[in-house]
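Here's a quick briefing for anyone opening this structure for the first time. Take a look at the picture, then work through the notes by topic.

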Amino acid sequence: MNCTSFAIIGGGFRTQSFLRVASELSELFDVCGMVVRDQGKGHAIEQKWGVKTYRTLDQLLDAASPDFIVISVTAPASEHYIVQLASHGIPVLVETPPSRDLEGLIELYRTIPPHAKVQVAEQYQFHPMHAARITLVQSGALGCISQASVSVSHGYHGMSLMRKFLGVGFENASIRAMSFESPIVAGPTRGGPPTYESVVMNRRDIAWFEFEHSLGIYDFAKDQHRSWIRSSYVSIRGERGEIQNHSVNRLADYAVPQHLTFHRINRGEEENVEGYFLSGIMLGDKWIYQNPFPCARLYDDEIAVATCLVKMAAYVWGGDSFYDLREAAQDQYLALLMEEAIQSGSTVISQSQPWA
């Protein structure tokens, strides 16, 4: 793969992931510029990352010719930039959900030309362990999947994984949901580890999505993915077996059960001097996932973000779509309906939308 040039609109928290990945994989990616409206923040980014920043999109496009542009701003601002860049024929990778409400999702879908190259950086499907689970599910080794419980990340991220594990497209669902609050000692935030002890109320959302032939269960508590004392879990069940977090129970045939474990293989531990990185994940005696960026010092979420960038580069030059506006809109729509079901206390039925 040749070096791909991309630009970024935004200078917030999530842009740091793209900058770190590009810095670590400089042979693959070059950040040719960023649009950061705040001049002080722009100068700070230039000093830390050595990337030129501009105050407006026009200034960026006058100075650089990126292969695609990453949009990492709030949803309302994101909608504006998507339409603007699509009208210029510039490929777009959107970091956030394309809109905060159903009306915005429908309007954006109808506004964007069908030929516009727009993808969404939904990275959770490319996390190494999730990617290993998806590979096993799609191999047919567990048979037809009928149930998936996902307690991994919030909102549309959880919806994306749930639909991936179930193999669900755009079919409608009956949704029941509830929330519950309980006290917890506050843990890390985006700003870093806690500096003193405090007890906060923590909201946990649980929802049941009944599709025609399958059941998805969403379970997530606020900041669970950063917590030191709350665990994530995944349960996927098919007619021939199941995945329970890192364990696999399946049938070799009707009378021979197999009990296997997803095993992470890291380099750089103990006497190994290859450098510290994830080599891949094995199931039994076979690789089920191999890190596409061996030797790079990237943690799992950065590996997933880097995978999005590689797939976006391939997509720009005629490769396959990997998570387009239709998929993103459906996951955001289901997340909105889940919140509606929580607030109303009633069963909510999804309806087929224009993108379906």
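Cys3 comes out as partly exposed, because its relative accessibility is 45%. Keep in mind that this is a predicted model. The notes below start with the cysteines, then go to a set of strands and finish at a pocket.

**Cysteines**

- How many disulfides does a search of the whole structure find? The count is 0.
- Cys3 is in no disulfide, and the nearest cysteine sulfur to it belongs to Cys32, 10 Å away.
- A disulfide is a covalent bond that links the sulfur atoms of two cysteines.
- Why is there no bond for Cys308? Its closest cysteine sulfur is the one in Cys3, and at 18 Å that is too far for a bond.
- Cys308 has a relative accessible area of 1%, so it counts as buried. Cys3, by contrast, is the partly exposed one we started with, at 45%.

**Strands**

- Strand S2 covers residues 29-35, and it's mostly tucked away: 6 of its 7 residues are buried.
- On one side of the story, S2 pairs with strand S1 (residues 4-9) in the parallel sense, over 6 bridges.
- If you want a spot to look at, try Ser5, whose bridge partner in S2 is Asp30.
- To get from S1 to S2, the chain goes through helix H1 (residues 15-24), and this β-α-β crossover is right-handed.
- S2 also pairs with strand S3 (residues 53-54), again in the parallel sense, this time over 2 bridges.
- Here the pair to look for is Val35 and its bridge partner in S3, Tyr54.
- As a general point, side chains in a regular strand alternate between the two faces of the sheet.

**The second largest pocket**

- Rolling a probe the size of a water molecule over the atoms shows where empty space is left.
- How much space lies in the second largest pocket? About 260 Å³.
- Its lining includes Gln125, Phe126, Lys164, Tyr289 and Phe322, and also Ala131, Ile134, Thr135 and Gln138. Thr307 and Lys311 line the pocket too.
- Two helices, H6 (128-139) and H8 (300-316), are the elements that give two or more residues to this lining.
- Which element provides the largest share of the lining? That's H6, with 4 residues.
- By type, the lining residues split into 5 nonpolar, 4 polar and 2 charged.

Methods: Residues numbered from 1 in each chain as written. Predicted model: local features only at pLDDT ≥ 70, side-chain atom pairs only at ≥ 80, totals over all residues. Heavy atoms only, no water. Buried < 20%, exposed > 50% of the residue type's maximum accessible area, 1.4 Å probe, protein only. Pairing = 2+ DSSP bridges. Right-handed = clockwise from strand over helix to strand, strands pointing away. 1 Å grid on protein atoms, 1.4 Å probe; cavity = no way out; pocket = protein on both sides within 12 Å on 5 of 7 lines; lining within 4 Å. Points joined across faces, edges and corners; volume = space filled by probe spheres on them. Nonpolar A, V, L, I, M, F, W, Y, C, P; charged D, E, K, R; others polar. Disulfide = S-S within 2.5 Å.
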